[in-house]
Structures are given as C-alpha cells and as structure tokens.
Amino acid sequence: DVLLLPVGGGPKAYNAEEAAQVVQTLRPKLVIPTHYLTQAADEENCPIATLDEFLSLMQGIPVSRANGDTVTLGPSSLPAEGTRIQLLSYPF
C-alpha cells in the first residue's frame, strides 16, 4: 500500500519516467518519493534530478505536503481509492 520510490535518476534510482511507470503498474495507495536533488546537494556534482519532473508526470494524483521530515501512517491515513503522493519537508 505504501511505496517508497526513488525518483531522481542517476545510477541508483529510477528516473522520473521510470518512476511514473512503476506507480502506474503497482498502483499503491501512497507514494513517498525519495532519492532526488534538494537544495542540500551540490548540483554540479550530484547526478540526480529534482522532484519537479516526477510530479509533472503525475498530474492528476493528489499531493500532500508534510510540515516536517516525518509522517505517521496507518490504515486510516491511506486513501480509500486511488493513489496519493506524500512529500516530506527537510530542514536545511
């Protein structure tokens, strides 16, 4: 039901297109994107992409943004139908 999905590409993660295909194939209730470029990384030396490309490919899927870097999940917090994307906020 919950999919932690690396979306930034590079040698160890799906790129945005591959990640979108995984979501379409598995149809999880909740997707938590991982392994993407943030402001904490040196863009010149980091071979991964930002979250933006993945989110643009996932248009139509609701996105929730947490106010922190943790989220508490349980059966009642998952969508009854369809998929939702859960983003976390990281302190930098």
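**A predicted chain, from fold to single residues**

The chain has two helices and four strands, where helices (H or I, at least four residues) and strands (E, at least two) are DSSP runs numbered from the N terminus. This is a predicted model, in which local features need pLDDT of at least 70 and side-chain atom pairs count only at pLDDT 80 or more, while totals for chains, interfaces and linings use all residues. Residues are numbered from 1 along each chain as its sequence is written, and side-chain values use heavy atoms, with hydrogens and water left out.

Reader: What pattern does the chain follow when read along the sequence?

Author: The chain holds two helices and four strands, and the order in which they come is what the pattern records. Read from the start of the sequence, that order is β-α-β-α-β-β.

Reader: Why is the chain described as being as compact as a globular protein of that length?

Author: The radius of gyration is taken over C-alpha atoms, and the globule rule is 2.2 Å times the number of residues to the power 0.38. For 92 residues this rule gives 12 Å, and the chain is as compact as a globular protein of that length because its own radius of gyration is close to that, at 13 Å.

Reader: What percentage of the contacts with a separation of 6 or more comes from residues 24 or more positions apart?

Author: A contact means heavy atoms within 4.5 Å. Among the contacts in the chain with a separation of 6 or more, the share that joins residues 24 or more positions apart is 58%.

Reader: Which element gives the largest share of the largest nonpolar core?

Author: A nonpolar core is a set of buried Ala, Val, Leu, Ile, Met, Phe, Trp, Tyr and Cys residues joined through side-chain atoms within 4.5 Å, and buried means under 20% relative accessible area, exposed over 50%, partly exposed in between (1.4 Å probe, protein chains only). The largest core has 16 residues, of which L5, V7, V23, L51, F54 and I85 touch the most other members. Two or more residues come from each of β1 (2–6), α1 (16–26), α2 (52–57) and β4 (84–87). The largest share, five residues, comes from α1.

Reader: Is M58 buried or exposed?

Author: M58 lies in the loop between α2 and β3, and, leaving aside residues up to four places away in sequence, it touches A20, V23 and I85. The relative accessibility of M58 is 5%, so with the limit for this class set at under 20%, M58 counts as buried.

Reader: Which residues does P62 touch, not counting those up to four places away in sequence?

Author: P62 lies in the loop between α2 and β3 (63–65), and P62 is partly exposed, with a relative accessible area of 48%. I85 includes P62 among the residues that it touches, together with others such as F54 and M58, again not counting residues up to four places away in sequence. The residues that P62 touches under this count are T83, R84 and I85.

Reader: How many Å separate the C-alpha atoms of G82 and P28?

Author: G82 lies in the loop between β3 and β4 and is exposed, with a relative accessible area of 52%. Setting aside residues up to four places away in sequence, G82 touches P28 and K29. G82 and P28 are 54 residues apart along the chain, and their C-alpha atoms are separated by 7.8 Å.
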